[in-house]
Amino acid sequence: MTTTHTDAIVIRHAGDADVCVLTDLALLDDRAPLAGPALIAEVDGVARAALDLHDGSVAADPFFRTAELVELLRLHARGTHAGHSSLRGRVASFLRPVSVRA
């Protein structure tokens, strides 16, 4: 019998209700809470890392392997700030008509 374990990873923007989540991550990481808008990486519904979108600082759970999560947060942050502020804008940039000359 083979079992497969998959962790559900969610990357999301921190909201007003996430102050406690960001504070808890900062306490675990022995640092001050993130000051600016942030992205949170959750694994199976548990916040494991957060990235400050202004200064790039990170708060992460030191008792969990977070290097890959931090990289995902940084990739996501670069993608959402790469000239288009919305998913709709990024998708639309790929769908623009292209002129072809014969």
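## Exercises on a helix, its cover and some charged pairs

The buried residues of helix α1 are covered by, among others, β2 (38-43), β3 (46-52) and β4 (58-60). The model is predicted.

**Exercise 1. List the order of the elements, and say how many helices and strands the protein has.**

Solution.
Step 1. Start at the N terminus and read along the chain: the order is β-α-β-β-β-α-α.
Step 2. Count each kind: there are three helices and four strands.
Step 3. Add the overall figures. The protein has 102 residues, and 29% of them count as buried. It exposes about 7300 Å², with 58% of that from carbon and sulfur atoms.
Step 4. Look at how the chain meets itself. Take the contacts with a separation of 6 or more: 47% of them join residues 24 or more positions apart.

**Exercise 2. Find the buried residues of α1, and explain why they are on the same side of the helix.**

Solution.
Step 1. Go to residues 19-28, which form α1; its buried residues are Leu22, Leu25 and Ala26.
Step 2. Check their directions. They span an arc of only 100° around the axis, so they sit on the same side of α1.
Step 3. Recall the general rule. An α-helix has 3.6 residues a turn, so residues three or four places apart point the same way.
Step 4. Turn to the other side of α1. There, Cys20 and Leu27 are exposed.
Step 5. Ask what covers the buried residues. The cover includes the strands β2, β3 and β4.

**Exercise 3. Two residues other than glycine, Asp30 and Asp44, have a positive phi. Locate each one and decide whether it is exposed or partly exposed.**

Solution.
Step 1. Recall what to expect. Most residues other than glycine have a negative phi.
Step 2. Take Asp30. Its phi is about 55°. Asp30 follows just after α1, in the loop between α1 and β2.
Step 3. Classify Asp30. Exposed means over 50% relative accessible area. Asp30 is at 73%, so it counts as exposed.
Step 4. Take Asp44. Its phi is near 50°. Asp44 sits in the loop between β2 and β3.
Step 5. Classify Asp44. At 46% it counts as partly exposed.

**Exercise 4. How many salt bridges does the whole structure hold? Describe those of Asp18, Glu68 and Glu71, with the exposure of the residues where it is known.**

Solution.
Step 1. Start with the total: the search finds five salt bridges.
Step 2. Take Asp18. Its side chain meets that of Arg12, at 2.8 Å from N to O. Asp18 is buried, at 9% relative accessible area. Arg12, at 24%, is partly exposed.
Step 3. Take Glu68. Its partner is Arg65, with the closest N and O atoms 2.7 Å apart. Glu68 is partly exposed at 41%. Arg65 is exposed at 64%.
Step 4. Take Glu71. It pairs with Arg78, and here the closest N and O atoms are 3.7 Å apart. Glu71 is partly exposed, at 36%.
Step 5. Look for shared partners. Through these, salt bridges link Arg12, Asp18 and Glu42 into one network.

**Exercise 5. Place Val10 in the fold, and name its contacts beyond its neighbours in sequence.**

Solution.
Step 1. Find the element. Val10 belongs to strand β1, residues 9-13.
Step 2. Read its exposure. Val10 is partly exposed, with a relative accessible area of 38%.
Step 3. Set aside the neighbours within four places in sequence. Val10 is then in contact with Ile40, Ala41 and Glu42.
Step 4. Compare sequence with space. Val10 and Ala47 are 37 residues apart in sequence, and their C-alpha atoms are 9.1 Å apart.

**Exercise 6. Is Ser57 buried or exposed? Which side chain does its own side chain make a polar contact with?**

Solution.
Step 1. Locate the residue. Ser57 is in the loop between β3 and β4.
Step 2. Apply the cut-off. Buried means under 20% relative accessible area. Ser57 is at 18%, so it counts as buried.
Step 3. Find the polar contact. The side chain of Ser57 makes one with the side chain of Asp55, at 2.7 Å.
Step 4. Leave out neighbours within four places in sequence. Ser57 then contacts Arg31, Leu34, Ala50, Leu51 and Asp52.

Note on methods. Residues numbered from 1 in each chain as written. Predicted model: local features only at pLDDT ≥ 70, side-chain atom pairs only at ≥ 80, totals over all residues. Heavy atoms only, no water. Buried < 20%, exposed > 50% of the residue type's maximum accessible area, 1.4 Å probe, protein only. Helix = DSSP H or I, 4+ residues; strand = E, 2+ residues; numbered from the N terminus. Arc of directions from axis to C-beta. Contact = heavy atoms within 4.5 Å. Salt bridge = Lys/Arg side-chain N within 4 Å of Asp/Glu carboxyl O. Polar contact = N/O pair within 3.5 Å; in protein donor to acceptor, adjacent residues only side chain to side chain. Areas by Shrake-Rupley, 256 points an atom, 1.4 Å probe, with all protein chains shown as cover.
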